[in-house]
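Let us take a walk through this protein together, starting with its overall outline and ending with a few single residues. Keep the 3D view open as you read.

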Amino acid sequence: MDYKDAITALADPTRRIIIDRLRGGALPVSAIANDMNVSRPAVIQHLRVLSDAGLLTVTPAGNRRIYANEPEGVDQLRRYLDTLWDDALSAFARAANDQAKGQAK
């Protein structure tokens, strides 16, 4: 998977809530779905999208599945966002240089 899949998956607010719930560690579906404003089957569909995007790992445990954030999927997204940050810093440096040159004249 690549960062585009992760961005698409994270566009949904329910999926971001799920990712946030898993920041503390791996959880079964029942714990993830607890107190959410969507049905458990809907949570399972969201988990599938996040898993398909490479953002979650799924570990079978008996008749349950345990979900956890996938560091490699998050790292791909972070690397992409870092390039945007690098571009923004470069643009800021150019603008500061241009302004400094303009004041020196």
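What radius of gyration does the protein chain have, and what would a compact globule of 105 residues have? Please bear in mind that this is a predicted model. The protein chain has a radius of gyration of 20 Å, whereas a compact globule of 105 residues would have one near 13 Å. The box around its C-alpha atoms tells you about the outline too: along the principal axes, those atoms fill roughly 75 × 25 × 20 Å.

Now for the elements along the chain. There are 5 helices and 3 strands in the protein chain, and reading along the sequence gives the pattern α-α-β-α-α-β-β-α. Of the 105 residues, 26% are buried. The accessible surface comes to about 7100 Å², and carbon and sulfur atoms account for 53% of that surface. As for contacts between residues at least 6 apart in sequence, 50% of them join residues at least 24 apart. You may also like to know about charge: the chain carries 14 positive and 13 negative charges, and the mean positions of the two sets are 3 Å apart.

Next, let us look inside. The largest nonpolar core has 17 residues, and I18, I32 and L47 have the most contacts inside it. Four elements give two or more residues to this core: α1 (3–10), α2 (13–21), α3 (29–33) and α4 (40–52). I32 is a good place to zoom in. Setting aside neighbours within four places in sequence, I32 is in contact with I18, R21, L22, L27, V43, L47 and Y67. So which residues with the most contacts inside the core also touch I32? The answer is I18 and L47.

From the core we can move to the loop between α3 and α4, where you will find D35 and N37. Is D35 buried or exposed? D35 is exposed, because its relative accessible area of 67% lies over the 50% cut-off. The backbone of D35 deserves a glance as well: its phi is near 65°, a positive value in a residue other than glycine. For background, most residues other than glycine have a negative phi. N37 counts as exposed too, with a relative accessibility of 83%. Measuring across the model from C-alpha to C-alpha, N37 and A61 are 26 Å apart in space and 24 residues apart in sequence.

Our last stop is strand β2 (residues 56–61), which holds T59. T59 is partly exposed, because its relative accessible area of 43% falls between the 20% and 50% cut-offs. Which residues does T59 touch, not counting those up to four places away in sequence? They are R64, R65 and I66. For a wider view, find Q76, which is 17 residues from T59 along the chain; the C-alpha atoms of T59 and Q76 are separated by 21 Å.

Key: Residues numbered from 1 in each chain as written. Predicted model: local features only at pLDDT ≥ 70, side-chain atom pairs only at ≥ 80, totals over all residues. Heavy atoms only, no water. Rg over C-alpha atoms; globule rule 2.2 N^0.38 Å. Buried < 20%, exposed > 50% of the residue type's maximum accessible area, 1.4 Å probe, protein only. Contact = heavy atoms within 4.5 Å. Areas by Shrake-Rupley, 256 points an atom, 1.4 Å probe, with all protein chains shown as cover. Lys, Arg positive; Asp, Glu negative; His and termini not counted. Charge placed at Lys NZ, Arg CZ, Asp CG, Glu CD. Core = buried A, V, L, I, M, F, W, Y, C linked by side-chain atoms within 4.5 Å.
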